Amino acid sequence: MDPATSSQGQSPLGLSGQPTEQTSFGLTPNVAAALCYFPLQGIFILISIIMLCSSKNRIVRFAAKQSLLQFACGLLVAILAAGIGLGLVIAVPEGSPAHTPAIILLAAILGAVFIWHLGAYIVACVQAFRDRIWVMPWLRWLIGKSAPSLNLEASKTQ
C-alpha cells in the first residue's frame with residue numbers, strides 16, 4: 001500500500017500540498033497539529049496559541065484554530081448547560097422530592113458536555129497524528145473553508 005494514501009481514501013496531510021518539513025520547534029506537522037488538540041490541563045491552549053502565531057504550515061495553523069474554537073464552543077456549551085441546569089435546581093424547592101433528581105440531571109448534563117468536549121479533542125488529536133484532517137462537524141460552518149484539505153466530503157464520513 002502506498003504510504004501517501006490512506007486506507008479510507010482520505011487525503012493525508014502530506015498530500016495537501018504542504019511539505020512535510022519540521023516546524024520552527026523541530027516538530028513534524030502531524031505532531032505539532034496533534035499537540036494542539038492534546039487534552040492535558042490547558043496545555044493545548046498554550047500550544048495552539050504558540051503554533052497559531054509561529055507556524056507557517058497551513059495544517060498546523062488549522063489545527064490550532066480549530067482547537068481554540070472547540071475550546072470556546074465547549075466553554076459556551078458548558079456555561080449554557082450549567083445555567084439551564086442550575087436554573088432548574090434553583091426552581092425546585094429544596095425540600096421537594098424532585099430536588100435530588102434535578103441535581104442528578106444537572107450532573108448528567110455537565111458530564112455529557114465534558115465527555116463530548118474531551119472526546120472531540122481525543123478524536124482530533126488521533127486524526128492529526130495520523131496525518132488526517134478532521135473538521136469537527138459542529139465547527140464546519142465556521143472553519144470548514146479554511147481547512148487545508150480540498151476534499152471536505154471525506155471528513156464528513158468520519
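Which residue just after helix 4 takes a positive phi? In this predicted model, the residue is D131, with a phi of about 65°.

Helix 4 itself covers residues 99–129. Its 31 residues should span 45 Å at 1.5 Å a residue, and the end C-alpha atoms are 45 Å apart, so expectation and model agree. Several of its residues are buried, among them H99, L106, V113, H117 and Y121. Others on the buried list are A120, A124, C125, Q127 and A128. A102 is buried too. The buried residues of helix 4 pack against three elements: helix 1 (29–37), helix 2 and helix 3.

One point of contact with helix 3 involves S67. This serine sits in helix 3, which runs over residues 58–91. Its relative accessibility is 0%, so S67 counts as buried; the cut-off for that class is under 20%. Beyond its neighbours within four places in sequence, S67 contacts C36, Y37, F44, S48 and Y121. Y121 is one of the buried residues of helix 4. C36 is 31 residues away from S67 along the chain, yet the two C-alpha atoms are separated by 6.3 Å.

A second serine, S48, belongs to helix 2 (residues 43–54). S48 also counts as buried, because its relative accessibility is 0%. Residues up to four places away in sequence aside, S48 touches C36, A64, S67 and L68. C36 thus appears in the contact lists of both S67 and S48. A polar atom of the S48 side chain lies 3.1 Å from the backbone oxygen of C36.

Helix 2 also contributes to the surface. I50 is found in this helix. With a relative accessible area of 35%, I50 is classed as partly exposed, because that class lies between 20% and 50%. Together with F25 and L46, I50 makes a nonpolar surface patch of about 290 Å².

Q22 lies ahead of helix 1, in the segment before it. At a relative accessible area of 54%, Q22 is exposed. Its contacts, apart from neighbours within four places in sequence, are L27 and T28. Q22 and S55 are 33 residues apart in sequence. Their C-alpha atoms are 9.9 Å apart in space.

Note on methods: Residues are numbered from 1 along each chain as its sequence is written. This is a predicted model: local features need pLDDT of at least 70, side-chain atom pairs count only at pLDDT 80 or more; totals for chains, interfaces and linings use all residues. Side-chain values use heavy atoms; hydrogens and water are left out. Helices (H or I, at least four residues) and strands (E, at least two) are DSSP runs, numbered from the N terminus. Buried means under 20% relative accessible area, exposed over 50%, partly exposed in between (1.4 Å probe, protein chains only). Contact means heavy atoms within 4.5 Å. A polar contact is a pair of N or O atoms within 3.5 Å; within protein, one must be able to donate a hydrogen and the other to accept it, and residues adjacent in sequence count only if both atoms are side-chain atoms. The expected span of a helix is 1.5 Å times one less than its number of residues. Patches are made of residues with over 30% relative accessible area and no salt bridge: like charges are joined within 9 Å, nonpolar side chains (Val, Leu, Ile, Met, Phe, Trp, Tyr) within 5 Å. Accessible areas come from the Shrake-Rupley method with a 1.4 Å probe; for residues, only the protein chains shown count as cover. A salt bridge is a side-chain nitrogen of Lys or Arg within 4 Å of a carboxyl oxygen of Asp or Glu.
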